[in-house]
Amino acid sequence: MNVEFNAIEVPAEANPLTEGILFHVLRSASSTDPTQIQTGTKQLQEWEKARGYYPLLQAVFLDKSLPYEVRYLAIIQLKNGIDKYWRKTAQNAVNKEDRNTIRVRLLESAVGEADSRLALQNALMVAKIVRFEYPNDWPDVFQQLIRFLRASTEPTAFRLQLPRALLLLLYIVKELSTGRLRRTRENLQNIAPEILNVLGNIYVSKVQSWQKFFREGGDDEGGALEDIENSLIAIKIIRRLVVNSYDFPGREKDVHELWTLSRTFFGEFITYVQEDSTLAPPVRNLVEKHLMQLSKFHYFMATTHPADFVLMPDSLDLVRAYWGLVSRLGETWGSKSVEGAKIGTDGDEADDAPIFERLGLKGLLIVRACVKMVFYPVQTFRYRQQQEKDERTKAIRMVKQELLTDDLVRETVSTLVTRFFVFRPSDLRMWEEEPDEWEKMEEGAEDWEFAIRPCAEKLFLDLAKNFKDLITQPLLQVFLTVATPDNEDVLFKDSVYTAIGLAADVLHDHVDFDTFITNTLVQEAQKQKPGYNIIRRRIAIILSQWIAIKIAMDKKPIVYQIFAHLMNKNDPLNDLVVRVTAGRKFHQIADEWEFKADNFVPYAPGILDRLMALVQEVELQETKMALLNTISIIVERLEHNITPYANSIIALLPPLWEQSGEEHLMKQAILTILSRLTNAMKAESRSFHVSFLPIIQSAIEPGSETQVYLLEDALDLWSSIIAQTPSAPEPTSPELLNLLQYLVPLFSMDNDTLRKAIEITEAYLLLAPAAVLADNFRPQLIRCLSEILGNLKPEASGAVSHLMMCIIRGADDLGGEQATKVLVGDLISSNFLAKAMEGLHGAWKHHQSHGPLREVPSRAVDGVVETDYFSVLARIGLASPAILLEAISSVGGAELEKTLDWLLEEWFGHIENIGDPPNKKLMTLVLTRLLETGQPWILGRLQNLVAMWTDVLGELLDGMDDKTVDSLYWPDEPNPYAPIEPEAPEDARKRILLYSDPVHRLNLVTFVREHLQAAIQSVGGEARFQEDWLGRVDKDVLKGFGDLGVM
């Protein structure tokens, strides 16, 4: 391509798309000049959706005369474009003609690419296309690949054809085997047997070829090296094909043969990597990689297809062979003494662990997979055929009887405890050299699959739980020999204590841990001898493991003293690792179920002071957060006892907030501790509130950059501050009231945020009802609630309705009937009431129709949502029946009597379905109050009223000795409730609200009697009432009501 351009003179989007211009733009974008990079990148983005762009990118990539940088950028752009636009359903998808043009040149060019870096990117790109296109649009892709593979083994084949074809196949298999859709996996399953057959032959041929070279030598050293590399790629593909492409690989003959070969080759390759190996380092490195691939093959078979793994030829012998490797590794694993590992003396490791250590780790994982298969089988909803069940049963029996024998289990536990629980020189060196990093690494339990000691701990725990009868006594015997202050074998003692800590829930009936604390741990925690920092660290860990299992209440103060001692920086043996570990593990000590604040208070000053100093001393953000979480749980568990330390804790937080920068997890931890501190201190926290509010505002205001990370924790803190703000007459701070304006936007967010926003609004209503009901806030709040009404799930809808009931009560309490009238005006103008009435009307219409084909009106409500809507109406009616009737008339869309006709029919019918007694009583009260109108539309429903009174009063008087008061009526107590412990001001406000509720202040028996008597008088006396209204009521209904003795 002989094209030269000096500069782009026209704007980027004006450039025509040709191969020559594309080359120039790619050259600009891959240059070192920032201006050219910016111009070129912008132009490439403009062309992304252009027709013909991707075939031209491929053409540039295929032109081997062009510079490497240009070709590399071309293939990267092509690969990224396929990700975004190759799907047919994608917006601006690559058209069919362009796809065909690209596809037809893919494989031929891929197997001929000389540069390994470009070949890799090309293989990744081809794999993505195959995932989209196979089998519908590119059905013969695997047949083409198989032809390339077969042709590549011919003597005349191009030297790179085989490695390139294998590389392509590797990434295609990777791509298809990781597909989430079952169809993608099935596509691979259909072709897997044929690929495996061809690939297996190539693999065996290449292994035998380079093994022959190792044995006999020869001139073609380069060819032998290529054979090793090709066989390595082949085994990577075989591993993925067998593990991911077969549902039952154990039933396939080809898989059996490859499995047997893998065992044979594994044994042979081991001999090439022994310490006395004469192989050159690069060659040995390739053989080690090959061994790791074989071990991965064995491990993933054991975890993905456990039954097939066991039933494969000689698999249990393979597991025993792996255990042999593990045992030999254990012989040289741990340190012999503490003095043997000082900074700069030994323990330095290469980037990669030695091969036998890596293989030993795989051995531990495989043994654990066998244990898990027996005791923790994977559960599935997939239907299992009888053959599969039989295979699984047989495999479990074989593992139990032939592998996990008593002797092997004892040997395994002994090896784990005495060898792999012991610290290595490298551990002790890193402890001294990089204490913070080492402590963090040791705490990272989620990485257990990648390190021997944590993996050994997991295996030990599995065995301890499932073979407790077998290992308990041997373990106890070892424990008793080391669990004395006189035994000073620090490393072995630490490993045994590790086992005792891990197996706490297995050994709790066999170990007198309380005596162990007083007679041994107390003394060992104070010993001033070299290496006892290791024991001190272990003491913190073992106490945290046993605290929730079996430590007597009277021994817990000793535990607190031990931790206070371990965090004492003045003791030279309490190095950073010991103190940080103690700080971390005290979280479990404070968080245990039976924690008593009174027991801990005497030790709180020392522990909190040392924890706060430690937070400032450590450098790693993650460690600071862990220590902060410990302080946070102490704050929560101490409750009001934390007050004396509040200033110190709060002073610690601003620098941490600043240092955290973009580390939002730290900010979340700080917000959590502020919430807990506020709740613990109750009203005494009010002096800090004003300083917390700006943090809340920065997280909740619209457009805030931190909202996505900190909103949930900021809302928790906001809620806590309102809850702990004292009630009137103490004034509420203007800064807290100013945050009200940020509430409304939160109502349109996700359900969790909506729930929290409603909770905060209700808290404001209790604290400062005038502010919530003020003209500058109330209308927009009602409008917002109206917008979301009818679009929520029942639980969220119930929260909205409950908030509206609180608002109605707040208005009634604040300004009586006039305030209620203003509020109901807002409910009408915002369409809130109209929406509620529409839902109730839909429910009534639905209940009028019958049969299986009846349709549900679009806005109809039922169940708890219908109850919630009626409850809102009931709260208005309880405040003022006249305002309720006026509102119904305004939004009913018809004459009042016609609206009331269907509304009362539905209301009376629905009361029977309400299971909550307070709600039933609320509605009974408001429907009874409608008698005050004396109107025919309510007197005409006297039978409904009498039936309702009979039902509700019957329920509320059931079991009552005094039948003159209902069970929900709470008369004034001569001795009002006085809390013993300090309580949150909001708890007092909620109690006042609950006790002032008409549901509890009105006796329904008296209420019904008085209203019925008033109704009788309003129509002209009993005779007239009997003649005009009571005579219409069914005699059985009247008898049921009369039996209650209300009148």
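**Exercise 1.** Work out how helix α10 (residues 182-216) and helix α12 (residues 253-272) are arranged, given that their axes come within 12 Å and cross at roughly 25°.

*Solution.* Keep in mind that this is a predicted model. Start with the angle: under 35 degrees counts as roughly parallel, so α10 is roughly parallel to α12. Next, the hand: α10 passes α12 in a left-handed crossing. Last, who touches whom? On the α10 side, the contact includes P193, L196, G200, Y203 and W210. On the α12 side, the residues include D254, L258, L261, F265 and Y272.

**Exercise 2.** Do the same for helix α28 (residues 576-591) and helix α31 (residues 621-638).

*Solution.* First grab the geometry: the axes are 9 Å apart, and the packing angle is about 30°. That makes α28 roughly parallel to α31. Their crossing is left-handed. Now list the contacts: V580, G583, R584, F586, H587, A590 and D591 come from α28, and they meet T623, A626, L627, N629, T630, I633, I634 and R637 of α31.

**Exercise 3.** Check the end-to-end span of helix α34 (residues 686-700), then find where α34 bends and what its buried residues pack against.

*Solution.* Step one: α34 has 15 residues, so at 1.5 Å a residue it should span 21 Å. The end C-alpha atoms are 21 Å apart, which agrees. Step two: look for a kink anyway. There's a bend of about 35° at F692, with a proline, P694, following within four residues. Step three: pick out the buried residues, namely F688, H689, F692, L693, I696, A699 and I700. Notice that F692, where the bend sits, is on that buried list. Step four: these buried residues pack against α32 (646-660), α33 (664-681), α35 (707-723) and α36 (734-738).

**Exercise 4.** Hunt down some backbone oddities: which peptide bond is cis, and where do N92 and N831 sit?

*Solution.* Baseline first: most residues other than glycine have a negative phi, and most peptide bonds are trans.

- The bond from Y134 to P135 is cis, with omega near 5°. P135 is in the loop between α7 (116-133) and α8 (141-152).
- N92 has a positive phi, near 60°. Look for N92 in the loop between α4 (68-85) and α5 (96-104). Its relative accessibility is 38%, so N92 counts as partly exposed.
- N831 also has a positive phi, near 75°. N831 is in the loop between α40 (794-829) and α41 (832-848). With a relative accessible area of 45%, N831 is partly exposed.

Technical notes
Residues are numbered from 1 along each chain as its sequence is written. This is a predicted model: local features need pLDDT of at least 70, side-chain atom pairs count only at pLDDT 80 or more; totals for chains, interfaces and linings use all residues. Side-chain values use heavy atoms; hydrogens and water are left out. Helices (H or I, at least four residues) and strands (E, at least two) are DSSP runs, numbered from the N terminus. The expected span of a helix is 1.5 Å times one less than its number of residues. The bend at a residue is the angle between axes fitted to the seven residues ending there and the seven starting there. Buried means under 20% relative accessible area, exposed over 50%, partly exposed in between (1.4 Å probe, protein chains only). Contact means heavy atoms within 4.5 Å. Axes are lines fitted to C-alpha atoms, for helices over the stretch in contact, and angles run from 0 to 180 degrees between N-to-C directions. Angles under 35 degrees count as roughly parallel, over 145 as roughly antiparallel, 65 to 115 as roughly perpendicular and the rest as oblique. A crossing is left-handed if the near helix is turned anticlockwise from the far one by less than a right angle, and right-handed if clockwise.
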